[in-house]
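Student: Please take a close look at one part of this model, the surroundings of the ligand. I would also like to know how that part sits within the chain.

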Amino acid sequence: MYSNILITNLDNFGRGISYLNNKIVFVENALPGEIVDLKITLEKKKYAEAKVIKYHNQSNFRIKSACPYFPKCGGCNLLFYSYENTLNFKLNKVKALFTKNKISYDKDLEIIKNSHPLNYRHKLNLKIVNEQIGFYEEKSHHLIPIKECLLASPSLNKVIQNYHLLNLKDAELTIRTNTNAEILLIINTPEKTPHIAFDKLKSQIKLVGVVYNNKTIYGNNFYYERLGGFLFKVSFDSFFQVNPYITTELFKLIKTHIKEGSTVLDLYSGVGTLGIVASSLAQTVYSVEIVQNAVLNGNFNAKLNKINNIKFMLGDVGNIIPKLNLDFDTLILDPPRKGLDKNTSTFITTKLPKTIIYISCDLNTLIRDLKLLSSFYELKEYKILDMFSYTYHLESFCLLKLL
Ligand SMILES: C[S@@+](CC[C@H](N)C(=O)[O-])C[C@H]1O[C@@H](n2cnc3c(N)ncnc32)[C@H](O)[C@@H]1O
């Protein structure tokens with residue numbers, strides 16, 4: 001144990017930083033200015049990780065966490081802060097990383113706040129271990145049993161309260177919901193035969209489907225979501241943003257920056273959300289997505305919303321686009337966390353579309369890609385969208401214009 005250690009800063013993951021014998025130590029649930037006794041939990045050559053054994057003083061910025069499972073559960077990282085301070089943390093993090101990586105942006109950084117910073121999530125991935133439901137503690141297979149999740153929407157928490165009706169001993173449970181509180185359950189378990197108490201479960205929640213070990217055993221293997229004036233069909237394995245309010249804010253940004261009559265290439269298109277939003281202004285939209293059901297959803301969603309100027313292509317962006325012979329002036333990028341692959345960035349720097357709208361859920365890969373594009377593009381607009389409130393994650397909206 002180490003005594004009377006001063007926490008000097010916060011890292012990008014919301015961990016306190018201190019130094020022991022010139023080695024950096026990342027301390028869970030510790031804020032700048034706090035003096036603590038700590039215990040090392042992981043020792044590496046260049047850094048160590050630690051947890052607090054005793055607080056000698058507490059930061060004026062610390063609030064009592066509203067969640068009894070914080071910080072053990074690891075799902076939220078910033079519940080020691082007021083919501084306003086979590087936003088400042090995100091703004092400072094982007095500012096510092098932009099400066100460090102020489103990303104030039106001459107306007108003030110802006111953040112679009114969440115309307116409901118708690119109970120906003122529409123999807124949860126839970127574990128059931130030995131008939132108990134919860135999350136694995138970070139970097140472990142140790143279950144933290146929970147009775148509710150403060151980030152999850154009330155309809156998801158209703159499922160958690162009634163999970164015993166699923167009669168599962170060991171399973172991975174994904175719960176998806178929509179703004180109408182309908183529930184789609186996706187269960188993966190070694191148990192071959194389901195023993196779900198359907199009648200009781202249906203009296204508690206608006207169950208629209210159960211996918212059990214990849215087989216639909218009740219209702220549908222999809223749900224619908226109505227957002228921003230559009231209706232979307234979403235299959236159990238298709239991506240959909242977890243935060244409906246911030247997603248509608250993202251739709252507004254897309255609408256603002258798509259020029260009338262433009263030709264749009266929408267890469268990593270999911271069920272077609274951003275392409276469909278863009279299609280009301282664009283002349284034509286071409287969308288590319290790797291998940292087959294998401295492409296089927298996209299085609300269906302275009303018809304559902306009476307849109308006939310969008311075309312979906314199934315496949316890996318990196319493989320498909322070098323073979324595409326398309327003229328387009330606007331590119332929408334919304335990749336997974338790993339950002340752009342080499343083929344895709346080479347394609348962009350060869351084709352050089354006038355406008356790029358880059359949506360990212362990973363700040364590090366976004367910065368890597370922005371640096372790569374910076375010889376050709378100016379970052380005209382940048383906004384943080386607080387899609388993942390009370391966690392260190394953030395969504396970025398970037399508007400890039402060809403130099
Ligand atoms: C962050 S999501 C964005 C989806 C959509 N734009 C939206 O707003 O709902 C990323 C999407 O990229 C898809 N994807 C991941 N890797 C891909 C690849 N190599 N090629 C094409 N699509 C990919 C995922 O299936 C997912 O639907």
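Tutor: The model is predicted, and the account below starts at the ligand and then moves out to the domains.

The shell around the ligand holds 16 residues, and those that come nearest are Y268, T273, E289, V317 and D334. By class, the residues of this shell are 8 nonpolar, 5 polar and 3 charged.

Nitrogen atoms of the ligand take part in several polar contacts. At Y268 the partner is a polar backbone atom, 3.0 Å from a ligand nitrogen. At D316 the partner belongs to the side chain: one of its N or O atoms is 3.1 Å from a nitrogen atom of the ligand. D334 also uses its side chain, with a polar atom 2.9 Å from a ligand nitrogen. As for cover, the ligand taken alone exposes 590 Å², and the protein buries 90% of that area.

Now the setting in the chain. The assignment gives domain 1 as 2-62, domain 2 as two segments, 90-115 and 239-402, and domain 3 as 123-224. Y268, T273, E289, V317 and D334, the nearest residues of the ligand shell, have numbers that fall in the 239-402 segment of domain 2.

Domain 2 also meets domain 3. Their C-alpha centres are 31 Å apart, and the contact involves 9 residues of domain 2 and 6 residues of domain 3. About 480 Å² is buried between these two domains, with carbon and sulfur atoms giving 64% of it. On the domain 2 side, the residues touching domain 3 are 7 nonpolar and 2 polar, with no charged residues. The rule finds 0 salt bridges across this interface, and the count of residue pairs in polar contact, both at pLDDT 80 or more, is 0 as well.

Key:
Residues numbered from 1 in each chain as written. Predicted model: local features only at pLDDT ≥ 70, side-chain atom pairs only at ≥ 80, totals over all residues. Heavy atoms only, no water. Domains from an automatic or database assignment. Contact = heavy atoms within 4.5 Å. Buried area = accessible area lost by both parts, 1.4 Å probe. Salt bridge = Lys/Arg side-chain N within 4 Å of Asp/Glu carboxyl O. Polar contact = N/O pair within 3.5 Å; in protein donor to acceptor, adjacent residues only side chain to side chain. Nonpolar A, V, L, I, M, F, W, Y, C, P; charged D, E, K, R; others polar. Near = heavy atom within 4 Å. Areas by Shrake-Rupley, 256 points an atom, 1.4 Å probe, with all protein chains shown as cover.
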